[in-house]
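I wanted to look up a few loop positions and write down what I found for each. These are my notes, kept in the order in which I looked.

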Amino acid sequence: MRLTRPFRRLGPAERQVWDAYPTGAWVDLRTGDKETDDPVNGPAWGPDRTVRAEVIAALLLGAREPEPGRTAGLRLAGARVTGELNLSDAVLTGKLHLLNCHLSEVVSLTDATTSGVRFRGCEMERLRAARCTVNGLLELDGSTVRNGIRLDNAHVTGQLRLSRARLHAPGERFRASESWLEDARRPFTAAEMKERGLGQDQWAVWAGGLTVDGGAFLRDMRVTGGLRLIGAKFHGGLYLQRSVITATGSHAVQADFMEAGAVEFSAGFTAKGTIRMRSARVNGVLSFSEATLEAPGRTLHLSHAQVEELIWLPTSVKGGVNLGYSRIGVLFDGPASYPDEVRLNGLTYEALRGRWTVAERLAWVCRDSDGYRPQPYEQLAAWFRRIGHEPDARRVLLAKQRRRRGTLRPTGRFWGRLLDLVVGYGYRPWLAGLWVVVLLAAGTAVFAAVPPAQIDPDEVRSFQPFVYTLDLLVPVSVFEQRGAWEPVGWTQWLAWTLVASGWILATALIAGAARVLRPSAGS
């Protein structure tokens, strides 16, 4: 067993850590007093609780071998770790578990491969773990990270745990320090800096391309800044119940192209900033139940996404919602769940859940700030037809035609109003029958009181006011009453009105029937 110490001198706490590593035993430097042991007070801890980061790194990099029959590991509680803990590019076989420790400088696991890393209830400056592979658990439960976390393109084979963590976007010091890779011959442009993750002043977690095989538990977090999860994969789901994210930029969560088994922005989750999940894919439930969402412009951007079930029942929403061109299996929502602006054009769904009236659904599909869009009406009508509610489907399509009328020229609007009045655009054909009854009754009464004059006095005929009125209404004379009798006086106007009404009713019925029977083209 190699016992050589690569350090001239070890402090009392370091000596305990050095001796305990081969067996993986715990070294607990806490006093038992909660206030004193709070790692926020770590800068005041003395030499008996101080361990240099280089000592920890040396142990993890093989300065001591495991004791036969034991599993080596560094397990340390209540220590002040000074200096940068740099484990970049390393392959670590021993686990690293720090509890209630204060780490004054950066922890770097960039391009490292580890068997498990845990920082529980710690005060940390910054964690860099880009392209890191963690074969097991990566945990920062209850920890405070003052200058952000980098996990871009990292791979965690176990769980990712950040529950009760306090995270802050990096300050000016780290924005400047991470520009050292810049080529002096060709300085980065602003777009390149953004692409490479330099100058991440608005992101508390920079984790584009992150893969987590187990669940990602980020419950009860308090985040100042945003979560950048573009292209991340959470096979076991992403859970942010009761977390509060206060964006310092425009986005609280940016998760375009993300894939997840389930996503929970629920149970008291609060976001002040946009949640953007464009082209995301959720194979289970995406829930906003009891969430509070607020953004100056758009609070949710979920366009071009695929979601098995969307539960959209937030407690409060301030800002627009975009669900355009997404494919949702089950949409569970409520009438009070949406703001004034909702983009639904291109949205398709297989089922709707929630307590809605037809009138409320109609108000829902017409909230697009871009004006009339036919597809949301067609989709809603198709849903009503699929569940056997044909009258509701017709009501939706009638509302669609009425909304479309406002986009037409004056002649089109006039003809549309006429179609609506006479037959309800073909979706209310019974209106034509009602008009026929009213006109027949009026004509019969008038012509019974003021009979028309017979054109050929020598012809023997008996006048029937009802049959005469009906013959005027029918576009083509059926009962040969028009040519036999001539209305007198002011009743001529009534006769002309009946003839014109008959043509209008027939034309409207034909046009309405053609509109109903014609396959929908989104007109």
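The entries below cover three residues of this predicted model.

Entry one, Asp 89. I looked up its backbone first and found a phi near 65°, a positive value in a residue other than glycine. I noted this because most residues other than glycine have a negative phi. I then looked for its place in the chain, and Asp 89 turned out to sit in the loop that runs between strand 5 (85-86) and strand 6 (95-99). Its relative accessible area is 57%, so I entered Asp 89 as exposed, the cut-off being over 50%.

Entry two, Arg 164. Here too I found a positive phi, near 65°, in a residue that is not glycine. Arg 164 belongs to the loop between strand 16 (160-161) and strand 17 (166-168). With a relative accessible area of 48%, Arg 164 goes into my notes as partly exposed.

Entry three, Ser 143. I placed this residue in the loop between strand 12 (138-139) and strand 13 (144-145). Is Ser 143 buried or exposed? Its relative accessible area is 0%, and because buried means under 20%, I wrote it down as buried. I next asked what the side chain of Ser 143 reaches, and found the backbone nitrogen of Cys 122 at 3.0 Å. Leaving aside neighbours within four places in sequence, I listed the residues in contact with Ser 143, which are Phe 119, Arg 120, Gly 121, Cys 122, Arg 164, Ala 165 and Arg 166. Arg 164, the subject of my second entry, is thus among the contacts of Ser 143.

Notes:
Residues numbered from 1 in each chain as written. Predicted model: local features only at pLDDT ≥ 70, side-chain atom pairs only at ≥ 80, totals over all residues. Heavy atoms only, no water. Helix = DSSP H or I, 4+ residues; strand = E, 2+ residues; numbered from the N terminus. Buried < 20%, exposed > 50% of the residue type's maximum accessible area, 1.4 Å probe, protein only. Polar contact = N/O pair within 3.5 Å; in protein donor to acceptor, adjacent residues only side chain to side chain. Contact = heavy atoms within 4.5 Å.
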